[in-house]
Amino acid sequence: MGAALLCTACHTDDTPEGYPPANQAMRLYSEVTTADEEDGTEGDNPVFLFWNYGDWLGQATNPVPLYVKKPAQDINTYNRPNAPYDTGELYPDGNRRVVATGYAPATLEPATRVDGTQDYEHLTIPKDRYCTTDVLTSITPLVASAALPFDRTDGEPLRFMHALSKVTFKAKLAEDMGKFLKNVRIELDPTLVPVAVRWDRTNYTYKPEPGTDESYSVNQPKDANSDYYQLTSENPLTIGTAYIVTEKTELPVTITVARAESSNATNWEDVTYETELPFTIERNETDEWDQDKKENTLYANEAYAFTLVFGEKGIELVGNRCPWENGGYLIVPIYPVIE
């Protein structure tokens with residue numbers, strides 16, 4: 001499949017009219033594509049990887065990139081009509097082809113092989129950035145040469161998408177709630193926590209790998225007085241966001257909240273629930289984005305918002321499947337999961 005995909009971008013070594021046969025600097029355009037196809041989304045500082053086409057086509061066992069470039073600016077800085085990113089390197093002699101891929105952020109750490117080379121197909125997420133790192137992956141490798149450069153007028157940009165799923169948690173009180181609540185904490189099961197991403201040689205993207213014992217907690221932020229805002233029955237309070245592994249149908253979580261009989265109580269009691277929050281997502285096969293995707297499953301480059309409604313009898317949920325960026329969303333009801 002790899003050869004079939006990449007050969008759609010192959011060209012002969014004959015120099016087309018208007019292009020010099022000699023080497024020239026490699027420059028490329030790039031952009032981030034979100035699930036809602038909006039332009040202008042700010043990505044993170046990328047790492048552009050350039051590979052020898054022969055190694056890539058043969059899918060070498062331990063490929064080593066020709067060049068590893070780490071621009072100091074955002075991916076979309078190099079989107080048209082802005083200037084392309086200039087690698088400062090020349091294309092190889094003889095119009096040999098080069099393959100471009102990439103990822104972000106640059107803080108991802110390539111694994112080290114036994115022979116001491118860096119494995120850019122296996123990237124680890126720093127432990128202190130678990131579930132807070134928005135990993136971006138290039139979508140389709142680009143092929144170019146001095147005869148047909150990356151930055152030619154009709155050339156495609158190197159496109160990136162979000163490699164993880166994004167979940168946002170909000171909370172509010174039910175209208176009939178007679179108690180006072182604050183300090184919401186949501187602990188995610190370790191199966192949800194990505195600790196690395198690995199290059200998928202079939203689909204040409206980085207895909208997340210979960211850990212085995214590293215949970216992650218989304219904690220309600222404190223206010224300016226070093227205390228927690230109390231939940232109300234009005235607008236939901238945003239608890240936090242987590243980037244999780246993809247293709248999940250539900251989220252095993254432990255929810256803890258401090259409860260009291262009055263707003264000025266000195267003793268607040270922690271109450272803990274263990275539950276699984278289900279995704280309720282309908283798919284439309286006539287929509288290109290939904291094709292070949294299962295219902296009630298959250299995929300890469302997709303976002304979802306849970307609103308926890310705390311009532312006298314437990315917690316109810318309202319789920320929103322939404323574009324990656326803030327904006328309009330489809331409201332999807334989720335049945336109560338705690339009686």
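**Exercise 1.** Which residues does T254 touch, not counting residues up to four places away in sequence? Then place T254 in its strand and decide whether T254 is buried or exposed.

*Solution.* The model is a predicted one.
- Step 1: with residues up to four places away in sequence left out, T254 touches R185, I186, E187, T272, Y273 and E274.
- Step 2: the strand that holds T254 is β18, residues 250-260.
- Step 3: the relative accessible area of T254 is 19%. Buried means under 20%, so T254 is buried.

**Exercise 2.** Find the residues with the most contacts inside the largest nonpolar core, and list the contacts of F279 beyond its neighbours within four places in sequence.

*Solution.*
- Step 1: the largest nonpolar core has 56 residues, and those with the most contacts inside it are F169, L188, L251, F279, F306 and F310.
- Step 2: leaving aside neighbours within four places in sequence, F279 is in contact with V167, I244, K248, T249, E250, L251, N296, L298, Y304 and F306.
- Step 3: a second core, separate from this one, has 19 residues, including M26, A100, L158 and F160.

**Exercise 3.** Work out the strand order of the open sheet that contains β7 and β15, and explain why one side of each of these two strands is left without a neighbour in the sheet.

*Solution.*
- Step 1: the sheet has four strands in the order β7-β8-β14-β15, with antiparallel pairing.
- Step 2: β7 (109-112) and β15 (205-210) are at the edges and have a single partner strand each, so one side of each lacks a neighbour in the sheet.
- Step 3: on average, neighbouring strands are turned by 45° against each other, direction ignored.
- Step 4: β14 (residues 194-200) pairs with β15 in the antiparallel sense over six bridges. D200 stands opposite T205 in β15.

Conventions: Residues numbered from 1 in each chain as written. Predicted model: local features only at pLDDT ≥ 70, side-chain atom pairs only at ≥ 80, totals over all residues. Heavy atoms only, no water. Buried < 20%, exposed > 50% of the residue type's maximum accessible area, 1.4 Å probe, protein only. Contact = heavy atoms within 4.5 Å. Core = buried A, V, L, I, M, F, W, Y, C linked by side-chain atoms within 4.5 Å. Pairing = 2+ DSSP bridges. Axes fitted to C-alpha atoms, helices over the stretch in contact; angles between N-to-C directions.
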